[in-house]
Every structure is written in C-alpha cells, then in structure tokens.
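Let's take a relaxed walk through this one, starting with the cysteines and then moving on to the ligand.

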Amino acid sequence: MDDLIKQAAEDLAAASKVTALTGAGISIESGIPHFRGKGGLWERFDPMEIAHIDALMRDPARVWTILIKEMKEIVDSANPNDGHKGLAKLEEMGKLETVITQNIDGLHQAAGNTDVIEFHGTFAWQRCMDCSQKYETRNVDISEIPPRCSCGGILRPDAVFFGEMIPQDALWRSRQIASDCDLMLVVGTSAVVQPAALMPVVAKESGAKVVEINPERTPLTDEISDYLIMGGASDIMNRIVAELEKIS
Ligand code: OAD
C-alpha cells in the first residue's frame, strides 16, 4: 500500500494534465448515501420505481416523499470530507485541473475545486417542470410536497434521472478532457453506469495512466486501471497529498 501511495505521488508529480472522475464513494464520509452494495440506496429502493424519469412524471409527490425530501435534508447539511479536500488541494498545488463528478451534492465546489463537471446534473438547484425557472434547493420550502414554482408547476431536482440524457455540454467536455489528460484519478465509483464509466476508458485509450482509489475492485480494475489503491477516499487522498508535498 505504501508503495502505491508513493507511486501515485510520483505519477502525479510527473503528469502535466490530471483529471479526476468521482462517484458516490467519495461522499460517503460526508454522510451522503451511495447507491450500490451494502447500505446503498438501491438496496432500499428499486431505482426504476423511484429514480426513473417515468416515475417522477407519473407521481412527483411520491418521488419527493420517498427520495428527494430525504436527499434535501442530507445534502443541505453535508460538508466536504478529506477526500474532497484532497482533490481541492491537488488543484491548489497546480496538479489537478478538472473534476468530472457523477455526484450531485456540490461538495467538490464546497471543498474548493473550481472546474467541476457535473455529469449527472446538480441537486443544488430545483427547476420547474412547466416553465423551467430555477430555485436554489436550500431555499425551497418543503412544508408542502411536492414544492411548486410561482407559476404553479412542480419543482424537480436539476439532476439526471434514469431514462434522461446526460447534459450534452457535460458529456462533450468530459470526453474532451478524458482524451486530453495524462493521468486520471478514479475515486469512489463502482464504474458500472454509462456513459460516465467510459471516461477512464477514453483516458486510457488516449495514453493516460488511470489510478483508482476504492476499497473494492471495479470492472475497471483489471482491464483499464494501471493500479488500484484500496481504501477510503479520505485516508488515501490525505496520504497521497502528504507524499506529493514531500517530493514537490
Ligand atoms: P455506487 O454506489 O455505484 O458506487 C460507490 C463506490 O464507492 C463503490 O465502488 C464502493 O466500493 C466505493 N466506496 C465505498 N466507500 C468508499 C470510500 N470511503 N471511499 C471511496 N470509495 C468508496 O456510486 P457511483 O459509482 O457514483 O446516477 O454510481 C454511479 C451512478 O449510479 C450515480 O451517479 C447515480 C447512480 O444511479 C444517477 O442517479 C443518474
């Protein structure tokens, strides 16, 4: 493990364009639930019943009651952890340019990263399903469910539900950045949801090193990643940053 931390610090020091792809795993230590595996949201709910656009259109009040309301309570009070802060530190050190995240919790921006591509949209804003007016989530009154726009339309998170397209600019820029970087850190994602999981493949095919940080193996581990540093994002990021500070 120590050897891999050193290796990652050396690879970061040698790289000139570093990007990161992150998933729910990096936010677990901030109290945000992940999706798959033990304790994941999809253990409690069938995503097709609760996180599919058809479910939202059919019965927004139900989706608000079961999923969105709880997410709002959690996200409103969440703070970045050392995993997010480590990536922000890498940007501050001039090492990391862009974070591509599948997360909708805004914690990379809260930690200090300035170029964050929100691949699955954001939970920071709600938008009216009728007139598209946007409201900051933290200011939305949820005493009545579902909350409504001043036009009377129902509000929904400005995030991607299953069955919806990835925002085109996020997809386009992510592909561009993945094909342009020479090192991609892949932190806390099960790498099973497309097209996000394709970004490390694009990076690898374009000649970049791919370094995974995850307590478990993923479909990328054998085929795509140069190496996997097994562990939680906070601990591993702290150790990589400390090592990088020693050698740079
Ligand atoms: P998942 O819940 O699928 O995967 C979380 C990953 O985090 C797993 O690989 C875990 O092993 C890992 N993990 C657990 N604890 C960790 C820790 N302390 N530090 C680092 N990693 C840890 O989440 P995603 O890969 O983000 O999409 O899921 C991708 C997409 O599926 C989400 O964006 C969401 C979901 O359905 C939409 O809602 C559109």
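## Cysteines and ligand shell

Zero disulfides turn up here, bearing in mind that the model is predicted. Why does C131 not form a bond with C149? The C149 sulfur is the closest cysteine sulfur to that of C131, but it sits 3.7 Å away, which is too far for a bond; a disulfide would need the two sulfur atoms within 2.5 Å.

The cysteines also have their surroundings to look at. C131 counts as partly exposed because its relative accessibility is 40%. C181, on the other hand, is buried, with a relative accessible area of 5%.

Now for the ligand. Which residues come nearest to it? Of the 22 residues around the ligand, those are F35, R36, T189, S190 and N214. By type, the shell splits into nine nonpolar, 10 polar and three charged residues.

Here are some polar contacts made by oxygen atoms of the ligand, with the partner on the protein side:

| Residue | Partner atom in the protein | Distance to a ligand oxygen |
|---|---|---|
| T189 | N or O atom in the side chain | 2.6 Å |
| H120 | N or O atom in the side chain | 2.8 Å |
| A24 | polar backbone atom | 2.8 Å |

How much of the ligand's accessible area does the protein cover? On its own the ligand has 800 Å² of accessible area, and the protein covers 90% of that. T189 is worth a second look in the viewer: this residue is among those that come nearest to the ligand, and its side chain places an N or O atom 2.6 Å from a ligand oxygen.

Technical notes. Residues are numbered from 1 along each chain as its sequence is written. This is a predicted model: local features need pLDDT of at least 70, side-chain atom pairs count only at pLDDT 80 or more; totals for chains, interfaces and linings use all residues. Side-chain values use heavy atoms; hydrogens and water are left out. A residue is near a molecule or strand if one of its heavy atoms lies within 4 Å of it. A polar contact is a pair of N or O atoms within 3.5 Å; within protein, one must be able to donate a hydrogen and the other to accept it, and residues adjacent in sequence count only if both atoms are side-chain atoms. Accessible areas come from the Shrake-Rupley method with a 1.4 Å probe; for residues, only the protein chains shown count as cover. Ala, Val, Leu, Ile, Met, Phe, Trp, Tyr, Cys and Pro count as nonpolar, Asp, Glu, Lys and Arg as charged, and the others, Gly among them, as polar. Buried means under 20% relative accessible area, exposed over 50%, partly exposed in between (1.4 Å probe, protein chains only).
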